[in-house]
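Subject: Handing over a structure

Dear colleague,

I am passing this structure on to you, and I hope the notes below will help you find your way around it. Please open it alongside the text as you read.

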Amino acid sequence: MTTDPATDVFEEHRSLLMGVAYRMLGRIADAEDVVQDAWLRWYHADRTEVREPRAYLVRITTRLAIDRLRQVQARGEAYVGPWLPEPYLTEFADTAPDTAERAVLADTVSLAVLVVLESLSPLERAVFVLREAFGYPYAEIAELLDRGEPAVRQLAGRARRHVAEGRPRYEVDPVRRRELTERLLAAVAEGDLEGLMSMLALDVRLVGDSGGKAKAPVRTLHTADKVGRFLVGAARSVPADLSLRVLEVNGGPAILLLSGGKPDSLVQLDIADDRVTSVYVLRNPDKLRYLAGD
């Protein structure tokens, strides 16, 4: 238990700041670096001039995340194959008891939304995160970003339209998603292609992220036939010591596959109308290391 007031105030808001930074960056290490930088600035600031610590800390974190995102985009680093965010362990039941609030938080941190957010400008992304995920009023966002409110509203409108156009349709009900995930994995393990196909939407897609460091499709697969056959084929070469663990990742249930006790793959589904619309398979070991101790 800390006795330093500066530390106590910061720790009170740490989860919020991490939520903002992660949604902005989609990378846990970068988000943690941003939050750490925010802590240093907070600790060395003249806090007697700070009337609202929460607003001050969100302002610092958001601006640091914008700078980090601009640096990443400027480097233009090539990524091998499709890209997915690093999986982020979530437990919204502890922080958002209201069902509607949990649904909003889960939606704005979902893999589907974060992939679309990658194509937004840093400012559009910041406005979208602050408005849609955390419900900040436009006037407050304008103050946080040193922008006029009309400009912030324009940024929010563009970001919202872009996300709506690029995000696949899906349901966030965790019970249904977990049930269908377990049924799908059972069908895959049994080589039941017919049963698997009955769960897949005709236009289902499979996004496999390996970063070139593990076996995964180098392009997104589309259609039930291609996705179904790929999954059944991949199941034939799974390690003999494979074990499974259910986690809540990015606001929804996911299956962590382990080999020798180490993370091998993470599988998560999007569903709509009781059919699987997206299959996310994360195999990049650099991204899975964050799950190794859970």
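What follows is an account of the overall build, the sheet, one helix pair and one residue.

Please keep in mind that this is a predicted model. The protein has 13 helices and 6 strands, and its radius of gyration is 20 Å, close to the 19 Å that the globule rule gives for 294 residues, so the protein is as compact as a globular protein of that length. Taken along the principal axes, the box filled by its C-alpha atoms is roughly 65 × 45 × 40 Å. Of the 294 residues, 49% are buried, and among contacts with a separation of 6 or more, 67% are between residues 24 or more positions apart.

The sheet comes next. Its 6 strands form an open sheet with mixed pairing, and their order is β2-β1-β6-β5-β4-β3. The edges are taken by β2 (221–222) and β3 (242–249), and each of these has a single partner strand, so one side of each is left without a neighbour in the sheet. Starting from the β3 edge, β3 pairs with β4 (residues 252–259) in the antiparallel sense over 8 bridges, and within that pairing E248 has P253 in β4 as its bridge partner. Two helices pack on this sheet. Helix α10 (residues 174–190) touches β1 (200–209), β3, β4, β5 (262–272) and β6 (275–282), and its direction makes about 120 degrees with that of β5. Helix α12 (residues 224–235), for its part, touches β1, β2 and β6, with a direction at about 50 degrees to that of β1.

Strand β5 deserves a paragraph of its own, being mostly covered, with 9 of its 11 residues buried. On one hand it pairs with β4 in the antiparallel sense over 5 bridges, where L256 has L266 in β5 as its bridge partner; these two strands form a hairpin with 2 residues between them, and G260 in the turn has a positive phi of about 65 degrees. On the other hand β5 pairs with β6, again in the antiparallel sense, over 7 bridges, and here A272 is matched with R275 in β6 as its bridge partner. β5 and β6 likewise form a hairpin with 2 residues between them, and in that turn D273 has a positive phi of about 55 degrees.

Away from the strands, I also looked at a pair of helices. Helix α3 (residues 53–75) and helix α8 (residues 138–145) pack at an angle of about 60 degrees, with their axes 9 Å apart, and their crossing is right-handed. The contact brings A55, V58, R59, T62, R63 and I66 of α3 together with E140, E143, L144 and L145 of α8; by class, it has 5 nonpolar, 1 polar and 4 charged residues.

Finally, is N284 buried or exposed? This residue is found in the loop between β6 and α13 (285–288), and, since buried means under 20% relative accessible area, its 4% relative accessibility makes N284 count as buried. Leaving aside residues up to four places away in sequence, N284 touches Y79, D209, S210, G211 and K213. The C-alpha atom of N284 is separated by 16 Å from that of V238, which lies 46 residues away along the chain.

With kind regards

How values were computed. Residues numbered from 1 in each chain as written. Predicted model: local features only at pLDDT ≥ 70, side-chain atom pairs only at ≥ 80, totals over all residues. Heavy atoms only, no water. Axes fitted to C-alpha atoms, helices over the stretch in contact; angles between N-to-C directions. Helix = DSSP H or I, 4+ residues; strand = E, 2+ residues; numbered from the N terminus. Left-handed = near helix turned anticlockwise from the far one by under 90°. Contact = heavy atoms within 4.5 Å. Nonpolar A, V, L, I, M, F, W, Y, C, P; charged D, E, K, R; others polar. Pairing = 2+ DSSP bridges. Rg over C-alpha atoms; globule rule 2.2 N^0.38 Å. Buried < 20%, exposed > 50% of the residue type's maximum accessible area, 1.4 Å probe, protein only.
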